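Welcome, and please get your viewer ready. We will go from one selection to the next and look at what is there.

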Amino acid sequence: QVQLVESGGGSVQAGGSLRLSCAASGRTISSYAMGWFRQAPGKEREFVAASSWSNSATYYADSVKGRFTISRDNAKNTVYLQMNSLKPEDTAVYYCAADRNYYSNYTPKYGYEYDYWGQGTQVTVSS
């Protein structure tokens with residue numbers, strides 16, 4: 001079992017930055033692909049970014065490419081999402097997720113691929 005706890009959300013003006021953290025416990029994340037998803041009010045959950053378990057590959061949704069960066073610190077068992085140049089349309093609850101898979105370069109992009117989820121952290125971007 002892997003427990004995930006997100007933090008770092010908050011309110012920021014458009015153009016600002018936030019860094020989300022996802023602290024894992026129960027198992028080391030070094031053998032898990034990690035991802036970030038978000039869900040805005042009235043919308044479906046959508047993929048944001050993913051990192052392969054080997055940390056050799058990352059993948060981003062087109063909407064955040066060039067603005068968001070996923071990274072991990074295996075020693076701290078923590079995954080991060082650095083969000084720059086935030087836009088009002090980035091407003092959502094952000095969730096991190098963990099996927100145990102065996103392909104070192106695989107970056108899961110669909111929610112059903114993930115085994116564990118955090119509770120989410122709210123990000124609000126005002127114009």
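Is T78 buried or exposed? Select T78: with a relative accessible area of 9%, T78 is buried. Here buried means under 20% relative accessible area, exposed means over 50%, and partly exposed is in between, using a 1.4 Å probe and protein chains only. Accessible areas come from the Shrake-Rupley method with that 1.4 Å probe, and for residues only the protein chains shown count as cover.

A word on what you are viewing: this is a predicted model, in which local features need pLDDT of at least 70 and side-chain atom pairs count only at pLDDT 80 or more, while totals for chains, interfaces and linings use all residues. Residues are numbered from 1 along each chain as its sequence is written, and side-chain values use heavy atoms, with hydrogens and water left out.

**Around T78**

Stay with T78, which belongs to strand β8 (residues 78–83). Strands (E, at least two residues) and helices (H or I, at least four) are DSSP runs numbered from the N terminus. Show the side chain of T78 and the backbone of K76: a polar atom of that side chain lies 2.8 Å from the backbone oxygen of K76. This is a polar contact, meaning a pair of N or O atoms within 3.5 Å; within protein, one must be able to donate a hydrogen and the other to accept it, and residues adjacent in sequence count only if both atoms are side-chain atoms. Now add the contacts of T78 (heavy atoms within 4.5 Å). Leaving aside neighbours within four places in sequence, they are S21, C22, A23, I29, R72 and D73.

Next, select N77, in the loop between β7 and β8. Its phi is near 55°, a positive value in a residue other than glycine, and N77 is buried at 13% relative accessible area. For a companion, go to N55 in the loop between β5 and β6. The phi of N55 is near 65°, again positive in a residue other than glycine, and N55 counts as partly exposed at 39% relative accessibility.

N77 also leads to S25 in strand β3. Not counting neighbours within four places in sequence, S25 is in contact with Q1, V2, Q3 and N77. S25 is partly exposed, at 36% relative accessibility.

**Into the core**

Select L4, W36, L81, M83 and Y94. These residues have the most contacts inside the largest nonpolar core, which has 35 residues. Such a core is a set of buried Ala, Val, Leu, Ile, Met, Phe, Trp, Tyr and Cys residues joined through side-chain atoms within 4.5 Å. Colour the strands next: β3 (18–25), β4 (33–39), β5 (46–51), β7, β8, β9 and β11 (121–126) each supply at least two residues of this core. The most come from β9, which gives five. Then centre on M83 and, beyond four places in sequence, look for its contacts with G16, S17, L18, L20, R67, F68, Y94 and V123.

**Charged pairs**

Side chains of opposite charge can pair when their charged atoms come close. A salt bridge here is a side-chain nitrogen of Lys or Arg within 4 Å of a carboxyl oxygen of Asp or Glu, and the count comes to four.

R67, one of the contacts of M83, is a good place to begin. R67 and D90 meet through their side chains in a salt bridge of 2.7 Å, N to O. R67 lies in the loop between β6 (58–60) and β7 (68–73) and D90 in the loop between β8 and β9, so the pair ties together parts that are 23 residues apart in sequence. Both R67 and D90 are buried.

Move on to R38 and E46, whose side chains form a salt bridge at 2.5 Å, N to O. R38 is buried at 5% relative accessibility, whereas E46 is partly exposed at 34%. Show R38, E46, R67 and D90 together, since this is a network of linked salt bridges. For another pair, select K65 and D62: their closest N and O atoms are 3.1 Å apart. K65 is partly exposed at 47% relative accessible area, and D62 is exposed at 65%.

**Out to the surface**

Finish with Y102, Y103 and Y106, a nonpolar surface patch with about 420 Å² of accessible area together. Patches are made of residues with over 30% relative accessible area and no salt bridge; like charges are joined within 9 Å, and nonpolar side chains (Val, Leu, Ile, Met, Phe, Trp, Tyr) within 5 Å. Y102 sits in the loop between β9 (92–99) and β10 (116–117), and counts as exposed at 66% relative accessibility.
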